[in-house]
Amino acid sequence: MNLTTSIILVNALLSIGLQGVFRNMRHIIIASGATAALLISTTGAFGLDEFFRLLPLDVLAILLSLQLFGEVVVESKVFEVLTRKLAVAGQGKGWLIIIVFSLVTYTVSCFMDNYQCLLLLIPPMIGTLRQINTSKRFLQILFGMLVVSSNLGGASTPIGDFPALYMLSKGVITFKSYLLCTSPLLLVSIGLCLSTALLFYSFKPLLTTHDEEITSVVLTKALYRNVKINQKVLLPSLFIFLGMVFCWTSGFNATKVSIGGFLVLALCINYGRTAEEKIKKTEAGIFIYYLCLFVIVVSIQQTGLLNRLADFLLGFKSNKVLMLIMFVSVTTIVTGVVSAGPSTVAMFPVVEILNPMFPENMVLSCFVLSICAGSSLLMTSATAGPLMANLSEQFHVEADGKKYAYNFRDYLLPGFTGAFIIYSVNISYILIKLY
């Protein structure tokens, strides 16, 4: 390993690792690392223009388009109405609240960014919880399940989360193939995770009174009693989204469909005025973060380290089962440490090398599951974890009659359990498929 490679690797490790320590400075840390990576990687024969051509800017275009699409759909008030119905469905009962909110979080995350999903669903859910005597143990199970559910939901469709969007934009898998090969494995995972959460809950359920359960439902319904769905926003959104799905499944370019779908929706709703406001309020931080991340990962790719990893795994080609298990294990651990975005971009060149050696799309499905398992491992492994902690503190959650702030330690057992279940589904799939 030469000096330049060592510097690039150290820079990448510091840029990604320091974010876990200084969460409030994550953007300036990643931007500084990207600047250093760019300068180091383009000082020799490898030019700046050539470097920029390697950046997957089409993924950023998809992310931006789908986020803005979701922001416009929010104006339909469908999520407020959904919250009212969830309160009725939960009936103030602990086990029903876990089931209802976990499944809804999973479903919404299939079509919307995890961050957006939790921002919409968690605050009203916390309002519902205020009406019953919750315990710390119950909140640990519920909040942990919601984080895992959002990760699983995001991975269950090609448009729900970054790894799937990245592969879709690369053209290595089609929308239809993803749904057929990968989504069933995530459905099995959510079923097992939810069953396990309910099992843990059953050992010490909430002792709520009948009056508390009724009050919880009545107050939540009263809070949203005057909210009605705006059909002028919801119907065009659904119609256009179905058209986008048809285009995706028909093989049209994912980036063009995403951009075109948002543009059509923007012009249909209030003659573009609603979209104009959403664009003005769009937070640029997430896109700057991913752009800087791409720069750092491209600099690593130029060192050849990922090719060496692939060569190491290929040394086990006489035992393909062991080779694939080692790959998904490494990917899961790496994702748990550096989160889904960095691990997806970093490990994808290895995926491309291994993919032709196995049944069609198998490596891609295993890759998605390993990313999902790693994202669920620690609270810091995905944006959903820190967001849950912030929301619990912001909305003054109480447990056992005291103020409660969800933290890293509270998530350890639920996170490890969820990650282990998803990882086990992944390993079982490999063994069943190859034996």
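Phe 138 is buried in this predicted model, and its relative accessible area is just 1%. Its partner is Tyr 201, also buried, with a relative accessible area of 6%. How are the two rings arranged, edge-to-face or stacked? Phe 138 and Tyr 201 form an edge-to-face pair, with 5.8 Å from centre to centre and 65 degrees between the planes. Phe 138 belongs to helix H8 and Tyr 201 to helix H11, so this pair ties together parts that lie 63 residues apart in sequence.

Let us follow Tyr 201 into its helix. H11 runs over residues 183-203, and at 1.5 Å a residue its 21 residues should span 30 Å. The C-alpha atoms at its ends are 31 Å apart, which agrees with that expectation. Which residues of H11 are buried? They are Ser 183, Leu 185, Leu 186, Ser 189, Ile 190, Cys 193, Leu 194, Ala 197 and Tyr 201. These residues cover an arc of only 165 degrees around the axis, which means that they share the same side of H11. Turn to the other side of H11 and you find Leu 187 and Phe 203, which are exposed.

Something must be covering that buried side, and several helices take part. Among what covers the buried residues of H11 are helix H6 (94-109), helix H8 (136-156), helix H10 (175-181), helix H20 (362-375) and helix H22 (408-434).

Take H6 as the next stop. Its 16 residues should span 22 Å at 1.5 Å a residue, and its end C-alpha atoms are indeed 22 Å apart. In H6, 12 of the 16 residues are buried, so this helix is largely enclosed by the rest of the structure. The buried residues of H6 include Leu 96, Ile 97, Ile 98, Val 100, Phe 101, Val 104, Tyr 106 and Val 108. Gly 94, Ser 102, Thr 105 and Ser 109 are also among the buried residues of H6.

H8 deserves a second look too, this time at Asn 151, which is found in that helix. Is Asn 151 buried or exposed? With a relative accessible area of 3%, Asn 151 is buried, because anything under 20% counts as such. Leaving aside residues up to four places away in sequence, Asn 151 touches Asn 114, Cys 372, Ser 375, Ser 376 and Ala 382.

Now back to the rings. How many aromatic pairs are there? The count comes to 10 aromatic pairs. Phe 138 and Tyr 201, met at the start, form an edge-to-face pair. Tyr 201 is buried at a relative accessible area of 6%. In another pair, Tyr 166 and Phe 348 have ring centres 5.3 Å apart and planes at 85 degrees, so this pair is edge-to-face. The pair links distant parts of the chain, with Tyr 166 in helix H9 (residues 162-170) and Phe 348 in helix H19 (residues 340-354), 182 residues apart. Tyr 166 is buried, with a relative accessible area of 4%, and Phe 348 counts as buried at 2% relative accessibility. Elsewhere, ring pairs link Phe 69, Phe 111, Phe 175, Phe 241 and Trp 248 into a cluster. A ring can also have a charge over it: the charged end of Lys 320 sits over the ring of Phe 358, 5.8 Å from its centre.

What about the cysteines? A search of the whole structure finds 0 disulfides. Cys 366 is in no disulfide, and the nearest cysteine sulfur, that of Cys 181, is 11 Å away. Cys 366 counts as buried, at 0% relative accessibility. Cys 292 is buried as well, with a relative accessible area of 11%.

Two more places are worth a visit. Thr 35 has its place in helix H2 (residues 26-41), and at 46% relative accessibility it counts as partly exposed. Thr 35 and Val 295 are 260 residues apart in sequence, but their C-alpha atoms are 8.2 Å apart in space.

The last stop is a loop, and here a little background helps. Most residues other than glycine have a negative phi. Asn 361 has a positive phi of about 65 degrees although it is not a glycine. Where does Asn 361 lie? Asn 361 is in the loop between H19 and H20, and it is buried, with a relative accessible area of 8%.

How values were computed. Residues are numbered from 1 along each chain as its sequence is written. This is a predicted model: local features need pLDDT of at least 70, side-chain atom pairs count only at pLDDT 80 or more; totals for chains, interfaces and linings use all residues. Side-chain values use heavy atoms; hydrogens and water are left out. Helices (H or I, at least four residues) and strands (E, at least two) are DSSP runs, numbered from the N terminus. The expected span of a helix is 1.5 Å times one less than its number of residues. Buried means under 20% relative accessible area, exposed over 50%, partly exposed in between (1.4 Å probe, protein chains only). The arc is that of the directions from the helix axis to the C-beta atoms. Contact means heavy atoms within 4.5 Å. Rings of Phe, Tyr and Trp (its six-membered ring) pair if their centres lie within 6.5 Å; planes under 30 degrees apart count as stacked, over 60 as edge-to-face and the rest as tilted. A charge sits over a ring if NZ of Lys or CZ of Arg is within 6 Å of the ring centre and within 35 degrees of the ring normal. A disulfide is a pair of cysteine sulfur atoms within 2.5 Å.
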